[in-house]
Amino acid sequence: MMNEKDIKLIKSIKTPAYIVDKRLLTKNLETLKYVQDQTGCKILLALKGFSMHAVFPLVGEYLAGITSSSLFEAQLGAEYMNKEVHIYAPAYRDDEFDHVLQTCDHIVFNSISQYNRFKARIKNAKKPIQCGLRVNPEYSEVETAIYDPCAPHSRLGTLEKKITHQDLEGIEGLHFHTMCEQQVDTLERTLNVVEEKFGKYLYHMKWLNLGGGHHITRNDYDVERLITLINRIRNQYNIMVYLEPGEAVALNCGYLVTSVLDIVHNGMDIAIIDSSAACHMPDVIEMPYRPHIIHSAKPEQKPYTYRIGGMTCLAGDIIADYAFDHPLKNGDKLIFTDMAHYTMVKNNMFNGINLPLIALMDDQGIQIIREFTYEDYKSRLS
Ligand SMILES: *Cc1c(COP(=O)(O)O)cnc(C)c1O
């Protein structure tokens, strides 16, 4: 739990603001490095979930590199971390591929047809590139359909029946990504299916990438069991194992601090804040989930219950209902927790709402890294 001194510090800065706690990020990185040290595996930061490049040098002290889902992410990782740069995309563009070749050292293809299309260009590239293929084991325990890459008719990954040994000539790694916020037991069951379907190819590969969705830095994650599993895979197939978590790197190490702008009443008390679910925490609507606010409880579990809404005109721009010990008033600060991952990377300026500033916190205090202005808004629109 957070101490009162840090809470006071967070409440002292301009809102809205994303604040990443360097000490907590470091703690996550230490856990991930421990897994690397105990297994010889390599862990990559998936930029899709967390791309705050001000901390890439810190991340690079612990992890092996980054993985990207696009040329821009790859460029960002290469520019600010300069370690291994992997890429996977459902399809690559002809006009970007030379740039992909310059930027990345590992390229994972989604299909054999994509691999065949770009194979010759990889052979002629100025530096060696390792190619991988994403497979779809048709086994996932993800229950939300939009996050399930193994749902019927999924376009993500190649099915077992679509590949032969011949197709895989020149492919040095297999990749799967079928998990989301899950524990090691899900990985064990998934690996069983992957090995059953693709084990015969794994003996000929240099590496296996287990994708993301591993909640390794969550308090109740069984890290030792993950270590045992990775060591078993490494030894059995004599391969390098990669993991590419996004969320687990930045889990529980950031806040979004906001201010109450008004209280209105319509069958209940409603607080409008200087932030927005739609703009600043889109997963609250998309996933959906209920973020925690420090010093709050579920509705009715403390004396004063409010619906917290954002400042856009979208009727559904509601974060959730929360109860507090005291009535809310204008200017009160609300601190949302676990706001480092899938926030900055997904936010937007819908309705002309400015983005939260970005800050870093440590024992020395809070350092503002970036503030956004009207120019940032305007420059994307014409
Ligand atoms: C999203 C994604 C990741 C990261 O997932 P997390 O849930 O943030 O750990 C890794 N690899 C691929 C291919 C992804 O699409």
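A molecule is taken to sit in a pocket if more than half of its atoms lie within 2 Å of the grid points of that pocket. By this criterion the ligand of this predicted model sits in the largest pocket, and the tour begins there.

**The ligand and its shell**

Select the ligand, and then the residues that surround it, namely Ala46, Lys48, Arg134, His175, His177, Gly212, Gly213, Glu244, Pro245, Gly246, Glu247 and Tyr342. If you colour this shell by residue class, it divides into three nonpolar, five polar and four charged residues.

Next, show the distances from the ligand's oxygen atoms to the protein. At Lys48, a polar side-chain atom lies 2.7 Å from an oxygen atom of the ligand, whereas at Gly213 the atom to pick is a backbone N or O, which is 2.8 Å from a ligand oxygen. Move on to Gly246, where again a backbone N or O atom is involved, at 2.9 Å from an oxygen atom of the ligand. With these contacts on screen, consider the accessible area: the ligand taken alone exposes 390 Å², and the protein buries 89% of that.

**The largest pocket**

Now hide the ligand and look at the space that holds it, the largest pocket, which has a volume of about 1,000 Å³. The pocket is lined by 39 residues, and those closest to its centre are Lys48, Tyr147, His177, Cys180 and Tyr342. Lys48, His177 and Tyr342 will already be selected, as they also belong to the residues surrounding the ligand.

Extending the selection to the whole lining gives 16 nonpolar, twelve polar and eleven charged residues. To see how secondary structure contributes, pick strand S3 (65-68), helix H9 (247-250) and helix H11 (283-286), each of which supplies at least two residues of this lining.

**Backbone features in three loops**

From helix H11, step along the chain to the peptide bond between Met287 and Pro288, which is cis, with omega about -20°; Pro288 belongs to the loop that runs between H11 and strand S12 (304-309).

A further cis peptide bond joins Thr15 and Pro16, with omega about -5°, and to find Pro16 you should select the loop between helix H1 (4-11) and strand S1 (17-21).

The last stop is Asn82, in the loop between helix H4 (71-80) and strand S4 (84-88), where phi is near 60°, a positive value in a residue other than glycine.

Key:
Residues numbered from 1 in each chain as written. Predicted model: local features only at pLDDT ≥ 70, side-chain atom pairs only at ≥ 80, totals over all residues. Heavy atoms only, no water. Near = heavy atom within 4 Å. Polar contact = N/O pair within 3.5 Å; in protein donor to acceptor, adjacent residues only side chain to side chain. Areas by Shrake-Rupley, 256 points an atom, 1.4 Å probe, with all protein chains shown as cover. 1 Å grid on protein atoms, 1.4 Å probe; cavity = no way out; pocket = protein on both sides within 12 Å on 5 of 7 lines; lining within 4 Å. Nonpolar A, V, L, I, M, F, W, Y, C, P; charged D, E, K, R; others polar. Points joined across faces, edges and corners; volume = space filled by probe spheres on them. Helix = DSSP H or I, 4+ residues; strand = E, 2+ residues; numbered from the N terminus.
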